[in-house]
Amino acid sequence: MSEGSAATVYPHVANIRQEWDWVKDGLEEILSLDPNLTWRPEDIYASVLSGESHLWVHPDFFNVTTVEADHFTGDKTLLLWISWAKRRGGANAVTYAKFYEDVARQFGCQFISTKSVQMPAVEYATEKVGWEITEITFGKDLRG
């Protein structure tokens, strides 16, 4: 993984059963901030438990990653699917960007991405991390 100072603590893959209490609280907070999300905390639990995704924990945050493949090219993308921090504004995206890029390479991924409806997160990723917007999805709920 990435090299850092002796004081740097890197995220590590964790057992969701052991981390569930605080991870579930974070997932519920994420759901409360974005009504468009369709998963439940239990869906994330099952995805990690089955190996479809990975839970990465750090004393200050957690991430859930999954690998997606392009249907046409087969290129793989490490998706930082879910991110939650105990304290917002901790610069985790900048501090650990290289770490997750290395993780993506280890998984054989050609790309790394994340998704967010929170514009400050989008602006931060593009201005501070050097990521670019590659897709914008928008729509309308026709059920009501």
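**View A. Tyr-100 counts as buried, at 4% relative accessibility.** Buried stands for under 20% relative accessible area, exposed for over 50%, and partly exposed for values in between (1.4 Å probe, protein chains only). The model is predicted, so local features need pLDDT of at least 70 and side-chain atom pairs count only at pLDDT 80 or more, while totals for chains, interfaces and linings use all residues. Residues are numbered from 1 along each chain as its sequence is written, and side-chain values use heavy atoms, with hydrogens and water left out. Tyr-100 belongs to a cluster linked by ring pairs, together with Tyr-10, Trp-56, Phe-61, Tyr-96 and Phe-99. Trp-56, another member of this cluster, is also buried, with a relative accessible area of 5%.

**View B. Two aromatic pairs are shown, from the 10 that a search of the whole structure finds.** In the pair of Trp-22 and Phe-62, the ring centres are 5.5 Å apart and the planes stand at 85°, so this pair is edge-to-face. Rings of Phe, Tyr and Trp (its six-membered ring) pair if their centres lie within 6.5 Å; planes under 30 degrees apart count as stacked, over 60 as edge-to-face and the rest as tilted. Trp-22 belongs to helix 1 (residues 16-33) and Phe-62 to strand 3 (residues 61-69), so that the pair links distant parts of the chain, 40 residues apart. Helices (H or I, at least four residues) and strands (E, at least two) are DSSP runs, numbered from the N terminus. Trp-22 counts as partly exposed at 22% relative accessibility, whereas Phe-62, at 0%, counts as buried. In the pair of Trp-56 and Tyr-100, the ring centres are 5.9 Å apart and the planes are at 80°, so this pair is edge-to-face. Trp-56 is in strand 2 (residues 53-58) and Tyr-100 in helix 4 (residues 97-106), so the pair ties together parts that are 44 residues apart in sequence.

**View C. Lys-86 lies over the face of the Trp-22 ring.** Lys-86 is 5.0 Å from the ring centre; a charge sits over a ring if NZ of Lys or CZ of Arg is within 6 Å of the ring centre and within 35 degrees of the ring normal. Asp-60 is in contact with Lys-86 and with Ala-85, leaving aside its neighbours within four places in sequence. Contact means heavy atoms within 4.5 Å. Asp-60 lies in the loop between strand 2 and strand 3. With a relative accessible area of 42%, Asp-60 is partly exposed. From Asp-60 to Glu-101 the distance is 19 Å, C-alpha to C-alpha, and the two are 41 residues apart in sequence.

**View D. His-58 is a buried residue, with a relative accessible area of 8%.** His-58 is found in strand 2. The side chain of His-58 makes a polar contact with the side chain of Tyr-96, at 2.9 Å, and reaches the backbone oxygen of Val-9 at 3.1 Å. A polar contact is a pair of N or O atoms within 3.5 Å; within protein, one must be able to donate a hydrogen and the other to accept it, and residues adjacent in sequence count only if both atoms are side-chain atoms. Not counting residues up to four places away in sequence, His-58 touches Val-9, Tyr-10, Pro-11, Trp-22 and Tyr-96.

**View E. Strand 3 pairs with strand 2 and with strand 4.** Two strands pair if DSSP finds at least two bridges between them. Strand 2 and strand 3 are antiparallel, over 6 bridges, and a hairpin joins them through 2 residues. Val-57 has Phe-62 of strand 3 as its bridge partner. Strand 3 and strand 4 (residues 76-85) also run antiparallel, joined by 9 bridges. Two of the bridge partners in strand 4 are Leu-78, opposite Val-67, and Leu-79, opposite Thr-66. The hairpin of strand 3 and strand 4 has 6 residues between them, and Gly-74 in the turn has a positive phi of about 80°.

**View F. Strand 4 pairs with strand 5 (residues 111-114) in the parallel sense.** The pairing has 4 bridges. Thr-114 in strand 5 stands opposite Leu-80.

**View G. Helix 5 (residues 119-129) has Val-122, Ala-125 and Val-129 buried.** Down the axis of helix 5, the buried residues fall within an arc of 95°, so they line one face of the helix; the arc is that of the directions from the helix axis to the C-beta atoms. An α-helix has 3.6 residues a turn, so residues three or four places apart point the same way. Pro-120, Glu-127 and Lys-128 are exposed on the other side of helix 5. Gly-130, just after helix 5, takes a positive phi of about 85°.
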